[in-house]
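Here are some short exercises on reading a protein model. Try each task before you look at its solution.

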Number of protein chains: 2
Amino acid sequence: MSKKHAPWKLLKKAIASQDANRVEECIDSFSATERARAISRLTDEERALLVTILSPSAAAEIVEELSESQAAEIMEDIAPSHAAEILSELPSAEQADIVGELEEKEASAILSEMLPSEAEEVRELKQYPSDTAGGLMITEYLSYPSTFTVDDVIRDLRDHSETYTHFDVKYIYVTANHHTLIGVLPLRDLLLSPKEARLSNILSEKPVFVRTKTPLEDLKKFLDASAYTGLPVVDKYGELVGVVKRADVEEALGERAEETLMKISGIAFGEELRSLPLRDRTVRRFSWLSVNIFLNLISASVIALYQNTLSEAVVLAVFLPIISDMSGCSGNQAIAVTLRELTLGIVKPYEFAWVLSKEALLGTINGLLLGAILGAVTFIWKGNIYLSLVVALALALNNLIAVSIGGTIPLFLKLFKKDPALASGPILTTITDMCGFFLVLSFATLVLSKIAG
Amino acid sequence: MSKKHAPWKLLKKAIASQDANRVEECIDSFSATERARAISRLTDEERALLVTILSPSAAAEIVEELSESQAAEIMEDIAPSHAAEILSELPSAEQADIVGELEEKEASAILSEMLPSEAEEVRELKQYPSDTAGGLMITEYLSYPSTFTVDDVIRDLRDHSETYTHFDVKYIYVTANHHTLIGVLPLRDLLLSPKEARLSNILSEKPVFVRTKTPLEDLKKFLDASAYTGLPVVDKYGELVGVVKRADVEEALGERAEETLMKISGIAFGEELRSLPLRDRTVRRFSWLSVNIFLNLISASVIALYQNTLSEAVVLAVFLPIISDMSGCSGNQAIAVTLRELTLGIVKPYEFAWVLSKEALLGTINGLLLGAILGAVTFIWKGNIYLSLVVALALALNNLIAVSIGGTIPLFLKLFKKDPALASGPILTTITDMCGFFLVLSFATLVLSKIAG
């Protein structure tokens, strides 16, 4: 593949030309994968220009490729009336997500350019946290009063077929007075029923529904235990307010896993792509690194206390980074397992004892194995059994400490409503480094005459 | 919440009693979340017993809660005829996933107990890699010859309404001779068409489809760029062989992100729950730790080469773990960003130059900032400007090395078809540790007379 003609370079040129036809042709020639990659390579300015050049519906497709915060930045950069036109092309949940990221002033400016009913809907949706049924639900669903006949419904579908094109029409929702949900009908049942039948007469069972505040994890469990592809969402009065789709629940869980992945690697806010401005990327990464360097200084201060021991047996300096790194490895394994079990809801934040019981024996076995390896290599290298025992015991003991802390720290953080993905790692390594340095150097001090020289 | 009556403990007791009614009552009393947690807390033996006690359809619901490998283990533990009955209750894609995890002998035993047509389907499905359309697709879809009328379809739906209950009926697929896909009809269009119309006459556009070998990432991009909730999958002859649903694509991506998260934390195979047997957990974690301890010994050998320098200026031992840890932090940030960009398909494995161009300036800025902090603290502590400069320069330079290596290592591994999630971290820390130790100790050797003592 020649890099000269990389699709994203073609798009950059087309945008620079400000020729709407050329831009549209260029995008239409891309595969879905090429398009995503090309959009990711544009600068903020190029993206704002692209979205301005294109028709609202074509621009909406571009905006859907972006993260919510990137989309919000573009909406702030273009005219509110144009932003409103683009937003109107998106599903209600996405409109609310993007508007939720805007500054209050910008949000009002854009909402005032939208249809009042649409703006009202966005205002309502954005009040729900994004990881609840309310935050995930869409408002593009079909509901009919129970007094309607099958034929009434078919007539409505026909009359509004244009509007309903983008609806996820698999079920129709049946309501009684004041939008109270009383039943769900698969579209197929409608096809199989006589046209004159009333909806109230063909409803089979009590409707299954969730509440606006039902959290993401519960939605997942609920969907896994059933065959529904969408769930009606009711508010505290039992009124139907939206539908949450299985694919959207899975997507939200996938995004959360991606975010956790970034956070445990030290990307603050869980988001970085290299197309972001250098300043944002540098600041986000540095905010994490600056905390870590101070934590490192604290743990290294333990070494400073033992400079006398070290000057007698300078060989110990070889082992300090090994102890530090290996304890970090073991502890991070335990952190990852706890994070996953918390996500799956199969460990509760108060179950310290259960986690410790599961880590203790494992940590002891692996600690002894690792200690034996390090001790053996040390003995081969230096032929000093005391030195071997000091490093082997310190590593074994510190390994047990590391898995115990690693397994339980995310529980503590969760209990105190802190983000376990971002904070667990630095807390773990600070404690295990301090313990590890202390163990090696204090054990060594005890037998210093045997290992000095 | 009293731990004495934790739901999972009740389930354990009910299983121990081997009383089918009691077990069923217990499970029925659980919420979806409680059920998932309770099942996760059972031992392998308890799970096999549970699945044996329950009816095939109730057992299938339990099996769906488990990972494929856990489900496969249970299938091996129970009678093949019972396993076949349970599998028959699952969607075709899940059947194939579970059978794919079984030993060849066990798989044949179970398949021979299934309906021949069903067994054949499973054999065909399990040949496709799980991260392609073929591996993700289900075979429970509705297809009709183009010569059928709307009324023919409605009659078929009515006659088989029992069988189709678990189908995801949103579209019907229209085929010509030999199952060649020629069109897709939303069920709604069927509802709006006259009963005597032939399917060939109400098809609107050319059908959108994917191929069995289309990879997961492309399916995601394709679905993101469209409004379809399901895509027909055709084989190399253009014949319809299955349907891949949006929710299943999202779920597979979420699982992959979870797996990556576990792998970068050093959990081999990307899976561990604390309900797994101790032996499996210990072996999986140790397999990663054992590699790391040897890599650590290699990098620590650099320190061993500089024992003379260290014995002259023992204070340097304080800085070695700091340099090692900070470079690991910076490098891991870069690894995470590259992994994510690879997943999203917005960086290609050959784009080393692009990644380096994006990391170089960022690495220099953050390196200088971190170096300045470390240098300043060192100067305050020891008042030795030479020592300050040595550690500040070494950290700054090593930070640049770390982000350059961290950003590009996943690309190299991907290019050589290795798993970047599992191997990037250890390779990174080994190289940056060696470089970091070398930089501190060789700079220190240059000005040894000024910092010794």
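The exercises below deal with a predicted model.

**Exercise 1. Domains**

Task: List the domains assigned to chain A, and state how far apart the centres of domain 1 and domain 2 lie.

Solution:
- Step 1. Read the assignment: chain A has domain 1 (3-127), domain 2 (143-255) and domain 3 (277-451).
- Step 2. Take the C-alpha centres of domain 1 and domain 2 of chain A; they are 30 Å apart.

**Exercise 2. Where the chains meet**

Task: Describe the contact between chain A and chain B, then name the helix that gives the most to the side of chain A.

Solution:
- Step 1. Count the residues: 96 of chain A are in contact with 96 of chain B.
- Step 2. Find the main contributor on the side of chain A: α20(A) gives the most, with 17 residues.
- Step 3. Sort that side of chain A by class: 50 residues are nonpolar, 21 are polar and 25 are charged.

**Exercise 3. Two helices across the interface**

Task: Describe how α20(A) packs against α19(B).

Solution:
- Step 1. Recall what to report: two packed helices are described by the angle between their axes and the distance between the axes.
- Step 2. Locate the pair: helix α20 covers residues 316-344 of chain A, and helix α19 covers residues 316-343 of chain B.
- Step 3. Give the geometry: the angle is about 35°, and the axes are 9 Å apart.
- Step 4. Add the hand: the crossing of α20(A) and α19(B) is right-handed.
- Step 5. Name the residues that meet. From α20(A) come A:Ala317, A:Leu320, A:Pro321, A:Ser324 and A:Asp325. From α19(B) come B:Ala317, B:Leu320, B:Pro321, B:Ser324 and B:Asp325.
- Step 6. Classify the residues of this contact: six are nonpolar, two polar and two charged.

**Exercise 4. One face of a helix**

Task: Find the buried residues of α9(A), and explain why they line one face of the helix.

Solution:
- Step 1. Helix α9 of chain A spans residues 104-111, and its buried residues are A:Ala107, A:Ile110 and A:Leu111.
- Step 2. Look down the axis of α9(A): the buried residues fall within an arc of 95°, so they line one face of the helix.
- Step 3. Recall the general rule: an α-helix has 3.6 residues a turn, so residues three or four places apart point the same way.
- Step 4. Name the partners: the buried residues of α9(A) pack against α6 (68-77), α7 (80-88), α8 (92-101) and α10 (116-125) of chain A.

**Exercise 5. Buried or exposed?**

Task: Decide whether B:Asn399, B:Ser92 and A:Gln18 are buried, partly exposed or exposed.

Solution:
- Step 1. Set the cut-offs: 20 or more other C-beta atoms within 10 Å means buried, and 12 or fewer means exposed.
- Step 2. B:Asn399 sits in helix α21 (residues 385-415) of chain B. It has 29 other C-beta atoms within 10 Å, so B:Asn399 is buried. Its contacts beyond four places in sequence include B:Ser327, B:Gly363 and B:Leu370.
- Step 3. B:Ser92 belongs to helix α8 (residues 92-101) of chain B. It has 18 such atoms within 10 Å, so B:Ser92 is partly exposed. Among the residues that B:Ser92 touches are B:Glu121 and B:Thr139. B:Thr139 is 47 residues away along the chain, yet the C-alpha atoms of the pair are separated by 6.2 Å.
- Step 4. A:Gln18 is in the loop between α1 (7-17) and α2 (20-28) of chain A. It has 11 such atoms within 10 Å, so A:Gln18 is exposed.

Technical notes: Residues are numbered from 1 along each chain as its sequence is written. Chains are lettered from A and ligands numbered from 1 in the order in which they are written. This is a predicted model: local features need pLDDT of at least 70, side-chain atom pairs count only at pLDDT 80 or more; totals for chains, interfaces and linings use all residues. Domain bounds come from an automatic or database domain assignment. Helices (H or I, at least four residues) and strands (E, at least two) are DSSP runs, numbered from the N terminus. Two residues are in contact if their C-beta atoms, placed from the backbone, lie within 7 Å. Axes are lines fitted to C-alpha atoms, for helices over the stretch in contact, and angles run from 0 to 180 degrees between N-to-C directions. A crossing is left-handed if the near helix is turned anticlockwise from the far one by less than a right angle, and right-handed if clockwise. Ala, Val, Leu, Ile, Met, Phe, Trp, Tyr, Cys and Pro count as nonpolar, Asp, Glu, Lys and Arg as charged, and the others, Gly among them, as polar. The arc is that of the directions from the helix axis to the C-beta atoms.
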